[in-house]
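Open the model in your viewer and keep a selection box ready. The stops below go from the whole chain to single side chains.

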Amino acid sequence: MVASTLSPPLASNPVPWRDDARTIALVGVAHGTSHFFHLLLPPLFPALIAEFGVSYSQLGLLVTLFFVISGVGQALAGFVVDRVGARPVLFAALGCFVLAALAAASAQGFGGLMLAAALAGLGNSPFHPVDFTILNKRVSMPRLGHAFSVHGITGSLGWAAAPVFLIGVSTLTGSWRWALVAAAGWALAVLLLLVWQRDALDDRLGQGGPSKTGADAGAAEHVLAFLRLPSVWLCFSFFFWSTVALAAIQSFAGPALGRLYGLPLEVTAFVVTGYMLASAAGMLLGGFVAVRARRLESAIAAAMLASAIALLLAGSGWLPGALAAALAALSGLGTGLAGPSRDMLIKRATPPGATGRVYGTVYSGLDAGFAVGAPVFGALLDRGMAGGVFAGAALALALGVVSAAVVGLHLRRRAVLGAA
C-alpha cells in the first residue's frame with residue numbers, strides 16, 4: 001500500500017473548514033511572498049544599470065546566485081524542517097527577505113546587490129519544505145488538493161505582482177531604492193501576520209498528532225534513507241524539466257515573440273503576466289482534478305502536452321503575431337492545471353516522517369531548472385533562434401510528462417508489492 005504522510009481525519013470528527021481555510025490562506029500569503037522575492041531585482045535592472053553602470057551579464061549573475069543558493073539551501077532546509085519544525089524556519093525565511101530588500105535598497109555597488117541576491121536566495125530556500133509540511137500536517141485530506149491549488153495560485157500571483165509593485169512604487173516615488181524599502185515593509189508585514197496567527201501554522205499539532213522530530217524521527221531509519229527511493233529522483237527530474245520550460249517563458253518569451261513577429265514591447269511585456277494569470281486559473285481548476293483523478297500522471301500528461309502544443313504553435317512563425325502571443329500566454333493554463341496533481345503525486349511518493357526532506361530535495365529541481373534553463377535559452381536567443389525558445393520549452397514539458405508517467409508507474413508497482 002502506498003505510504004501517506006497524512007492520517008485522514010475521522011468522519012465523526014471532521015476538521016472545521018475555517019481551520020483549514022486559515023492555514024491554507026496563511027501559507028498561501030507566505031508562498032506568494034517568496035515568489036515575489038524571486039523578482040526582487042530583475043524588474044529594476046534598467047535602473048540598476050543606470051545607477052551602477054553594470055551590464056546585463058553581471059545582473060544575470062545575480063539571478064544565478066539567487067537560484068544556486070536557493071537550490072542547495074532547499075535540499076538542506078528539508079532536514080532542518082523535519083528536525084525543528086516548519087514554523088520557526090518560516091519566520092526566519094521571511095526575516096531574510098526583509099534583510100535582502102534593505103540590503104538592495106542601501107547597495108552602493110555590485111557587491112551590495114550580490115549580498116541582497118544571496119540573502120533573498122537563502123530566504124527562499126526553505127519555503128517548499130516548510131509549506132508542504134504545514135499543509136500535509138494540518139489540512140484535512142478532502143481539502144488537500146485545494147490547498148495545493150491555492151499554494152500554486154499564490155506563487156503565480158507573487159510573480160505577477162512583483163514587477164507591478166516595484167516599478168509602480170519606483171515611478172511614484174522617483175526612486176528604485178524606495179521601491180525596495182517598500183518590499184522590505186511587505187515582507188515584515190507578512191512576518192508579523194504569521195507570528196500573530198502562529199497557532200494555525202504549528203505543524204507539531206497536526207491531524208497526525210505531534211510530529212516526530214530529532215532522534216525520534218531517525219529511530220526507524222536513517223535520515224538519508226529517502227534518497228534511495230527512485231520516486232524522489234523522478235519527481236526531482238519532473239520539477240527540473242517543467243521549470244526549464246517556465247524559465248524560457250518567464251525570461252525570454254517577450255523578446256522571442258518580438259523577433260519572430262515584430263510585436264512591440266508593450267504587447268510582448270504582457271505575455272509573462274498573462275501566462276502567470278492563466279497558470280493561476282489553471283491551478284484553481286487543477287485542485288478539483290487532483291482530488292478526483294485516480295491516475296494523477298494522466299491528468300498531468302494531458303495538461304502539459306496541451307501547453308507544449310500551444311508553445312510549438314506560438315514559436316512556429318506561421319500564426320498572426322497577436323494569436324501567437326495569446327497562445328504563449330494561454331499555455332500557462334495547462335501547466336497550472338498540472339500543478340496540484342503534481343504536488344499530490346509527490347505526496348503519494350513521500351514516506352512517513354520525511355515530508356520536509358523529500359519536498360526540499362524534489363523542489364530543489366525548480367531552482368536547478370531556473371539556473372540551467374535561463375542561460376541555455378538566452379544563448380538560443382543570442383544566436384537568433386527565437387523559435388528555439390518555444391520549441392525547447394515544449395520539449396522540456398514533454399520530458400516532464402515522461403518523468404511524471406514513470407513516477408506513477410513506480411507507485412502502482414509499489415502498491416501492488418505492498419498488497420501482496
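Among contacts in the chain with a separation of 6 or more, 85% are between residues 24 or more positions apart. The model is predicted. Keep the whole chain on screen for a moment and colour it by secondary structure: there are 15 helices and 0 strands. Of the 420 residues in the chain, 54% are buried. Now switch on the surface. The chain exposes about 17200 Å², and carbon and sulfur atoms supply 71% of that area.

**Stop 1: the aromatic rings**

Show the side chains of Phe, Tyr and Trp. How many aromatic pairs does a search of the whole structure find? The search finds 9. Select Phe-37 and Phe-97, which form a stacked pair with 4.5 Å centre to centre and 15 degrees between the planes. Phe-37 belongs to helix α1 (residues 17–38) and Phe-97 to helix α4 (residues 86–105), so this pair ties together parts that are 60 residues apart in sequence.

Are these two rings buried or exposed? Phe-37 has a relative accessible area of 1%, so Phe-37 counts as buried. Phe-97 is buried as well, at 0% relative accessibility.

**Stop 2: a second stacked pair**

Next, select Phe-67 and Phe-370. Their rings are also stacked, at 4.7 Å centre to centre with 20 degrees between the planes. Which parts of the chain does this pair link? Phe-67 is in helix α3 and Phe-370 in helix α14 (residues 355–382), and the two residues are 303 residues apart. Both Phe-67 and Phe-370 are buried.

**Stop 3: the aromatic cluster**

Go back to Phe-37 and Phe-97 and add Phe-36, Phe-127 and Phe-165 to the selection. These five residues form one aromatic cluster. The stacked pair from the opening stop, Phe-37 with Phe-97, is therefore part of this cluster.

**Stop 4: a patch on the surface**

Turn the surface on again and select Val-68, Val-72 and Leu-76. What do these residues form? They make up a nonpolar patch on the surface, and their accessible area together is about 270 Å². Val-68 lies in helix α3, which covers residues 56–84. Helix α3 is also where Phe-67 of the second stacked pair is found.

Finish by selecting Val-68 alone. With a relative accessible area of 43%, Val-68 is partly exposed, because that class takes in values between the 20% cut-off for buried and the 50% cut-off for exposed. Its sequence neighbour in the selection from Stop 2, Phe-67, is buried.

Definitions and conventions:
Residues numbered from 1 in each chain as written. Predicted model: local features only at pLDDT ≥ 70, side-chain atom pairs only at ≥ 80, totals over all residues. Heavy atoms only, no water. Patch = residues over 30% accessible without salt bridge, like charges linked within 9 Å, V, L, I, M, F, W, Y side chains within 5 Å. Areas by Shrake-Rupley, 256 points an atom, 1.4 Å probe, with all protein chains shown as cover. Salt bridge = Lys/Arg side-chain N within 4 Å of Asp/Glu carboxyl O. Helix = DSSP H or I, 4+ residues; strand = E, 2+ residues; numbered from the N terminus. Buried < 20%, exposed > 50% of the residue type's maximum accessible area, 1.4 Å probe, protein only. Phe/Tyr/Trp six-rings, centres within 6.5 Å; stacked < 30°, edge-to-face > 60°. Contact = heavy atoms within 4.5 Å.
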